[in-house]
Structure formats: C-alpha cells, structure tokens
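Q: Could you take me through one part of this model up close, residue by residue? I'd like to know what sits where and what touches what.

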Amino acid sequence: MTALSSFTDVFQVPWNDYVGSIAGGLLRTLGYTVASFIGATILGLALALMRLNRLRLVRVPAAFYTELFKNVPLLAIIFLTYFGLPSVGIRLEVFEAGVLSLVLFYAAYLSEIFRAAIAGVHQGQQEASQALGLGRGKTFTHVVLPQAVRLALPGTNTMFVDLIKSTSLLVTISAAELMTQAQLIASETFRALEVYLVISTAYFAICYPVSQCLLLLERKIHGGVPLSLARRRRLKLARTYLAEGKIRP
C-alpha cells in the first residue's frame, strides 16, 4: 500500500486543464521540425554539391561552413541567433530564430550525408549516361540523384528524428513548443517529476512511430520499390504486359 500510495502521489496534475497547452506545444514542435528539415535539406544539398565541385574556390567555403557548424553546440547557435543578432541590428521573431538555428546546424550534417551518398554512386553510371547523350543536368536528376537518395536515407532518417528531439532546446528562448509548455506547467503545479515524465513519454510517442515508419520506407526502397508514383505506375504496367505475354522478359 505504501508503494501504491507513493506511486499515486506522483500523478496529481490536472492534465485536463492543460490539454490545449500541450496540443499547441505539439503543433509548434511539428512546425519547427518540418520547416527546419525542409530548409536544412535544401541548404545541405547545396553544400554537398559545392563540396563535390571541381573548383577549389567553391569547395573551400562549403567545407569551412560544414566544419564550423558541426563543431559548435546547437544551444550556442540558438543563443547567437536570438540574443546575439539584435546587437548588430538584426531582430528575429522566436519562430524565425528557432528555425534558422536548426537549419544552420542540421544542414552541416545533412551535407555530409548527401555528399557521401552522391559520391557513392558509381562513376560508371555517369559515364554511361553521357554516352547515351544525356546532359549533366539530366544525368544528375535522372541517374545520380535517385540512387543517392537511397544511399542517404538511413542517415537522413536519423537526422530527422534527432531534429524532433532537438526542438526541445528552443525552450531556452521560450519558443512555445512542447518543452516550453512542460516548463510552464511544472512552474504552475510544482510537480516537475510528473510533468517531465509525461512530456518525455510524449516525445517517445512521437519519435518512435516516426523512426519505425522511416525504417519501413527505407526497407521498401532498398527492396526496389520506386520513389515516384509515375515510376510505380510504369513498373506495374510493365509487369502486367509481362504477365499477358505482350512483351518478353
């Protein structure tokens, strides 16, 4: 009974009063995650292409950026973006500062993943494409990129889940995301253990299904499932023709 009463004493927060706050924080967390991941992917791909460029003048700035942001803590970048930039006349809203910080940080890691994936495509693929008369642009988009996406999936999936968890650091600038709401609830109820246990469970409930879905996607793609719907339709049509004997294998 003593153990049971101690357990029940832990959970005394009236969570019904905070459903709206938690839902708002969750939506804010997802907003930071999606916006930051899109921005980091675009910037990371640009940096990866710069790193693979033959011109040293193009490669060096990209390499410097990557090494710089890989070796600076994310929390320091958040503070520099939100508290530091106003000292030089640049004032950003909380959402803008949070997204910018995450983009700058994760673009460095994604650029390394993309660079390794693109470099991992065999050079013979590009030579064969050029022999068929494809230009450099079409060779990259139709031959190199689809194969590079498959190679980059494991690392990219890991970074996406890590990005979800890293949004919790935005509590330091009161970004109104999930961890900020947890801090406010804990300060109102003085039940820090219960509040942070529940919020930790909420992060797990978000990250685990996402990671498993991404793992399933990764396995399907490595198993030969085409990425685009158009290619899936063409493959299905080809299988139908093979089954009907209209074309020979």
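A: Let's begin with Ile78, which is in contact with Phe83, Ser101, Leu169, Leu170, Thr172 and Ile173 once its neighbours within four places in sequence are left aside; contact here means heavy atoms within 4.5 Å. The model is predicted, so local features need pLDDT of at least 70 and side-chain atom pairs count only at pLDDT 80 or more, while totals for chains, interfaces and linings use all residues. Residues are numbered from 1 along each chain as its sequence is written, and side-chain values use heavy atoms, with hydrogens and water left out.

Ile78 lies in helix 4, where helices are DSSP runs of H or I with at least four residues, numbered from the N terminus. Ile78 counts as buried because its relative accessibility is 1%; buried means under 20% relative accessible area, exposed over 50%, and partly exposed in between, using a 1.4 Å probe and protein chains only. One of its partners, Leu169, is 91 residues away in sequence, yet the two C-alpha atoms are 8.4 Å apart in space.

Leu169 also turns up at the surface, where Leu75, Phe79, Phe83 and Leu169 make a nonpolar patch of about 330 Å². Such patches are made of residues with over 30% relative accessible area and no salt bridge, with nonpolar side chains (Val, Leu, Ile, Met, Phe, Trp, Tyr) joined within 5 Å and like charges within 9 Å. The areas come from the Shrake-Rupley method with a 1.4 Å probe, and for residues only the protein chains shown count as cover. A salt bridge, for its part, is a side-chain nitrogen of Lys or Arg within 4 Å of a carboxyl oxygen of Asp or Glu.

Phe83 belongs to helix 4, which covers residues 74–84. Because its relative accessibility is 47%, Phe83 counts as partly exposed.

Thr81 is in helix 4 too, and it counts as buried because its relative accessibility is 6%. Its side chain reaches the backbone oxygen of Ile77 at 2.7 Å; a polar contact is a pair of N or O atoms within 3.5 Å, where within protein one must be able to donate a hydrogen and the other to accept it, and residues adjacent in sequence count only if both atoms are side-chain atoms. Leaving aside neighbours within four places in sequence, Thr81 is in contact with Pro86, Leu92, Ala97, Leu100 and Ser101. Ser101 is also among the contacts of Ile78.

Conventions: Helices (H or I, at least four residues) and strands (E, at least two) are DSSP runs, numbered from the N terminus.
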